[in-house]
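Here is a short report on one protein chain. Look at the sequence and the structure first, then read on.

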Amino acid sequence: HCVPLAGSVEYVAADGASWTLAMLQARVTNQGDAWSFTVDQLAAILELRRATAEDADGAADALIERMKVLARRVAELHVALARPTGAAAFDPEPMQPSDVARWARETRDECRRTVEVLARERWTRDKRLVALARRVAREAPRLAERIERLSRAAPSGLKTRVHGDLHLAQVLIARDDFLLIDFEGEPQRSFE
């Protein structure tokens, strides 16, 4: 389930290529985002567990059932995004060796940047997290090796559109269901 589109502004170039510049979506009455809800529910479950395991098990089961609904909605989104539409910019396409090479390069770069941040150790004072960060940093060569091995794999399957920045804060809870929002993509990535 996605928030209904009320309108959009598109730019159409002389060659016929078009880009959506702005979208207007309907306001949806909701009970907040799935991230805040999940954190609150997990905190409540931990508190209940301290008091009595029986109550905590029931609360955990309820959260699991809600997450099953969310999983179904995310699966439905990906099925919809993989469906041919007749619009070349949105239809699934065969993966190419250049796609695999680009994804491997981007993954290698992201891994390197993450390990560099972890190595700085200024991001936390928690000794356990520092120890975990050091462990991840020690494993960086193995991660790079796995990425390299995957980069040589023959492409198979189709590439499709994706949400671009899907996480629990991009999901609204509305009437015991979930609405996926913010399809503008990851702000740190290029427009293309």
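## Helix H3 and its cover

Helix H3 covers residues 97–120, a run of 24 residues. From its first C-alpha to its last it reaches 35 Å, close to the 34 Å expected at 1.5 Å a residue. Keep in mind that this is a predicted model.

Which residues of H3 are buried? They are Asp99, Val100, Ala104, Cys111, Val115 and Leu118. An α-helix has 3.6 residues a turn, so residues three or four places apart point the same way. Keep that rule in mind while you find the buried residues of H3, such as Cys111 and Val115, in the structure.

What covers the buried residues of H3? The cover includes two helices, H4 (127–138) and H5 (140–151). It also includes strand E3 (93–94) and strand E4 (158–159).

## The whole protein

Now step back to the full chain. The protein has 5 helices and 6 strands. Read from the N terminus, the order of elements is β-β-α-α-β-α-α-α-β-β-β.

How far does the chain spread? The C-alpha trace spans about 65 × 45 × 30 Å along its principal axes. The radius of gyration is 21 Å, whereas a compact globule of 192 residues would have one near 16 Å.

Buried residues make up 22% of the 192 residues. The protein exposes about 14,100 Å². Carbon and sulfur atoms supply 56% of that area.

Contacts tell another part of the story. Take the contacts between residues at least 6 apart in sequence: 56% of them join residues at least 24 apart.

Charges come next. The protein has 29 positive and 30 negative charges. The mean positions of the two sets are 7 Å apart.

## Three residues of helix H1

Helix H1 covers residues 34–51, and threonine 38 is found there. Is threonine 38 buried or exposed? Its relative accessibility is 10%, so it counts as buried. Leave aside neighbours within four places in sequence, and threonine 38 is in contact with Met67 and Leu168.

Isoleucine 45 also lies in helix H1. Isoleucine 45 counts as buried because its relative accessibility is 9%. Not counting residues up to four places away in sequence, isoleucine 45 touches Ala56, Ala59, Ala60 and Leu63.

Leucine 48 is found in helix H1 too. Its relative accessible area is 29%, so leucine 48 is partly exposed.

## Two loops

Glycine 32 is found in the loop between strand E2 (18–25) and H1. Why is glycine 32 called partly exposed? The reason is its relative accessible area of 24%, which falls between the cut-offs of 20% and 50%. Leaving aside neighbours within four places in sequence, glycine 32 is in contact with Val171, Leu172 and Ile173. These contacts lead to strand E5, which covers residues 171–174.

Arginine 175 is found in the loop between strand E5 and strand E6 (177–180). Aspartate 176 lies in that loop as well. Most residues other than glycine have a negative phi. Arginine 175, however, has a positive phi of about 55 degrees. Aspartate 176 has a positive phi of about 60 degrees. Are these loop residues buried or exposed? Arginine 175 counts as exposed because its relative accessibility is 77%. Aspartate 176 is at 61%, so it counts as exposed too.

## Distances along the chain and in space

How do separations in sequence and in space compare? The table lists three pairs, with distances taken from C-alpha to C-alpha.

| Pair | Apart in sequence | Apart in space |
|---|---|---|
| Isoleucine 45 and glutamine 170 | 125 residues | 23 Å |
| Glycine 32 and proline 97 | 65 residues | 42 Å |
| Leucine 48 and arginine 112 | 64 residues | 40 Å |

Read the rows against the elements. Isoleucine 45 and leucine 48 are both in helix H1. Proline 97 and arginine 112 fall within helix H3, residues 97–120. Leucine 48 of H1 is 40 Å from arginine 112, C-alpha to C-alpha. Find both helices in the structure and trace that gap yourself.

Conventions:
Residues are numbered from 1 along each chain as its sequence is written. This is a predicted model: local features need pLDDT of at least 70, side-chain atom pairs count only at pLDDT 80 or more; totals for chains, interfaces and linings use all residues. Side-chain values use heavy atoms; hydrogens and water are left out. Helices (H or I, at least four residues) and strands (E, at least two) are DSSP runs, numbered from the N terminus. The radius of gyration is taken over C-alpha atoms; the globule rule is 2.2 Å times the number of residues to the power 0.38. Buried means under 20% relative accessible area, exposed over 50%, partly exposed in between (1.4 Å probe, protein chains only). Contact means heavy atoms within 4.5 Å. Accessible areas come from the Shrake-Rupley method with a 1.4 Å probe; for residues, only the protein chains shown count as cover. Lys and Arg count as positive and Asp and Glu as negative; His and the chain ends are not counted. The place of a charge is taken as NZ of Lys, CZ of Arg, CG of Asp or CD of Glu. The expected span of a helix is 1.5 Å times one less than its number of residues.
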